[in-house]
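Hi everyone, thanks for making time. Please have the structure open on your screens while I walk you through it.

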Amino acid sequence: MGKYLLRRTVSGVVALVVFTAVMFFLVDVLIPGDYFTPFRLGMRAEEVDALRVQYGLDRPIYIRYVFWLKNFVFHGFGQSTTGFNSRAPLMDALSATLLVFVVGLGLAYLFGSWLGRIAGWKRGGVGRSLTFVSIITYTIFPPFLGFLMLYFLGSKTADLRQQLVGASVDWQVVSETSVMARMNLTIIFATAGVLVVLALAARAFGKRRLLSPLGKVIAIAAVSFGWWAYKGILPYTIDVWLQAAIPIVAFGILSYGDFLLVMRTSISGVMNDDYVATAIAKGVPNRVVRDRHAGRNAIFPVLGRLIVSIPYLLSGLVIIEQSVGWGGIGTTLFAAVTSQDLPVVMDVLLLIGIFTLVVRLVFEVAQAALDPRVWKPA
Amino acid sequence: MGRTLRAILGSPTAVVGFALIILFGLAAIAHPILMKTVWPSKVYDPLTGYDFSALPPAPPSSAHLLGTDSLGRDVLSMILAATRPAWVVALVAATTTGILATLIGAIGAFFRGWVDGVLSHVSDAFLLLPAPIFVLIISEAVELSPWKFGLIFGLINGLGAGAIVLRAQGLKVMAEPFIEAARVSGGGGFHVLTKHLIPQLLPLTVLYMMLSVVGAIVAHGFAAFFGQTESLISWGAIVFFGVTAYRSFGAAVPWTALIAASAALSLFAGAFYLVSSGLQEVLDPRLRAR
């Protein structure tokens, strides 16, 4: 399995380099003009050309790409035509996006695969209406969804923030993004910790599993909130949660349908398999057959689908961010494009690429762990 | 062929989807006819119409079945007029995606080796970037007509996710015994590629084309929502006008315009989704058996 993962990582890095080259080229070809084009308004053409030569923009595109790549490898993120280093704002935006992405996707996955199992198992009324609702939310126009949520819930969450933590929070002292970054770390470590402890405990007690998925979520939440209370940042995290609630819920609504629909198809595929009939004939309760027998086998297409649809999930997130005004990488990207700050555009695109690659690798590890057919030679 | 058609018509999801698609087709045809016959263009023009007898945004009435928007334009007329650009985006994006994905996928699966290696790395690279985001970046700087929009979306989608999906299917097909049989009986490479491999891929191509319409329509709506496409007449732009009127000069929320435009966009995308999932049920015997 190590070899398989190494191969996937290497091929991912190669894809990343190709990706940057393609993006660099396309952005250059499709977007007219360059950073100095607007300077023509106040300068003579020769002066602008001299500036171009001075900054190397007159060179052929492949040389500029190699330059850009070299600079990225040695200096990392953070170049911007504004003259300020953009690394810190970029990382802040990333932590804001990560918070919404991880929590929203987790919720969407849990609800989507649970409802999908029900929809696939019970055809007829319940299954049909679940499918219908999920197709509507899957194709809903994201800006409209964002508008609806802001219109009906925006002032309510603002009031709630004021009532709950208004007095005990001072964002002048603590920066919002540092809290978000700490929250991300806590959630990731709490998830990993809870899963490992539960797996070890289950092995020790000789049981298949100790907690249902919902139980696991509650355990992770309890551990995280306990840690924040211990660290004394609980009011701040609650304030962030209340602000993040709208983008998280909107992102969840937008993406759960994908999981539901794939899970439904997948369940109806395995339902005719012999082992399901055997389990039912043995007298195993219907719900247990659905969740443990059929559900376990039906999960693979969902994971596979997850890997292919990361870009679409991310674009949904970017659109939601922009529609509800959440300061993540989507908002940064649009601001940079409008001001033709191409280094920042490339940085954000690269960030999205790396992000996709990492998420894909995480899913591939999960897939390989669950299904050895993926990496074992036939 | 007749059996497949009957199976498609037997699937309720596909039938509903087809019905919706036909409805949108009629809507695209109906608008110019209505403008020529019953709707005077001073009142009903989708861009510049204004009804002095109703204070905008007006609720639905017999003159304006869906009311008027914040600028006093008839919502139904705007919705119908926006159907045509949506069709252009959908058809161009789906065709480009289908052609590119099938060709690249088939070539990769047929030749294997270094050709496949190069092609699948390029596809992997395109998969790192969501097509909607990229089209949005471009449309921020360049005014895109529905044609160009569909073309760029299809290019990225077809080279990326589409090619990967079809290549996987192509590998499965190439392992089938009938390919070997075709080779043994003297079929050349080109013959196997065009007469055996690509025809086997076509059902999945159609399926994938349908799915790509969903992405293209939502992306186009979003680009229009930010005022970044050439077509001022589009569902996304209607939502944009409504939200902006409410946010920036505190006008009343034109609910009928917002809901109708969003619903039209979702239904149009949803119709293609329904047809694709109906087709999937037909193509996958494991699902059809029930």
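Let's start with helix α14 of chain A, residues 342-370, in what is a predicted model. How far apart should its ends be? At 1.5 Å a residue, its 29 residues should span 42 Å, and the end C-alpha atoms are indeed 42 Å apart, so the expected and modelled spans agree. Several of its residues are buried, including L342(A), V344(A), V345(A) and D347(A). Further along, R360(A) and E364(A) are buried too.

Now zoom out to the rest of that chain. Chain A has 14 helices and 0 strands, so if you read along the sequence you just see α after α. Its C-alpha trace spans about 85 × 60 × 45 Å along the principal axes. Of its 378 residues, 34% are buried. For those of you who like contact maps: among contacts in chain A with a separation of 6 or more, 78% are between residues 24 or more positions apart.

One residue to click on in chain A is R64(A), which sits in helix α3, residues 61-75. Is R64(A) buried, exposed or partly exposed? It has 15 C-beta neighbours inside 10 Å, and because that falls between the cut-offs of 12 and 20, R64(A) counts as partly exposed. Leaving out residues up to four places away in sequence, R64(A) touches G56(A) and R59(A). There is also F24(A), which is 40 residues from R64(A) in sequence but 9.2 Å from it in space, C-alpha to C-alpha.

Next, the place where the two chains meet. Chain A brings 39 residues to the contact and chain B brings 36. On the chain A side, the elements that give two or more residues include α1 (2-30), α9 (234-270) and our opening helix, α14. The most comes from α1(A), with 9 residues. What kinds of residue make up that side of chain A? They divide into 29 nonpolar and 10 polar, with no charged ones.

Over to chain B, then. Here we have 13 helices and 0 strands. The C-alpha atoms of chain B fill a box of roughly 80 × 45 × 35 Å along the principal axes. Chain B has 290 residues, and 53% of them are buried. Among its contacts between residues at least 6 apart in sequence, 72% join residues at least 24 apart.

What about the packing inside? The largest nonpolar core has 170 residues, and those that touch the most other members are I79(B), V135(B), V213(B), I217(B), V239(B) and A261(B). Helix α10 of chain B, residues 189-225, provides the largest share of this core, with 18 residues. Take I79(B) as an example: setting aside neighbours within four places in sequence, I79(B) is in contact with L66(B), A260(B), A261(B) and A264(B).

Last stop, and one for anyone who enjoys a Ramachandran plot. Most residues other than glycine have a negative phi. R112(B) is not a glycine, yet its phi is positive, at about 50°. Where is R112(B)? It lies in the loop between α5 (83-111) and α6 (113-127) of chain B. With 11 C-beta neighbours inside 10 Å, R112(B) counts as exposed, because the cut-off for that class is 12 or fewer.

That's my tour, and I'm happy to take questions.

Conventions. Residues are numbered from 1 along each chain as its sequence is written. Chains are lettered from A and ligands numbered from 1 in the order in which they are written. This is a predicted model: local features need pLDDT of at least 70, side-chain atom pairs count only at pLDDT 80 or more; totals for chains, interfaces and linings use all residues. Helices (H or I, at least four residues) and strands (E, at least two) are DSSP runs, numbered from the N terminus. Two residues are in contact if their C-beta atoms, placed from the backbone, lie within 7 Å. The expected span of a helix is 1.5 Å times one less than its number of residues. Ala, Val, Leu, Ile, Met, Phe, Trp, Tyr, Cys and Pro count as nonpolar, Asp, Glu, Lys and Arg as charged, and the others, Gly among them, as polar. A nonpolar core is a set of buried Ala, Val, Leu, Ile, Met, Phe, Trp, Tyr and Cys residues joined through C-beta atoms within 7 Å.
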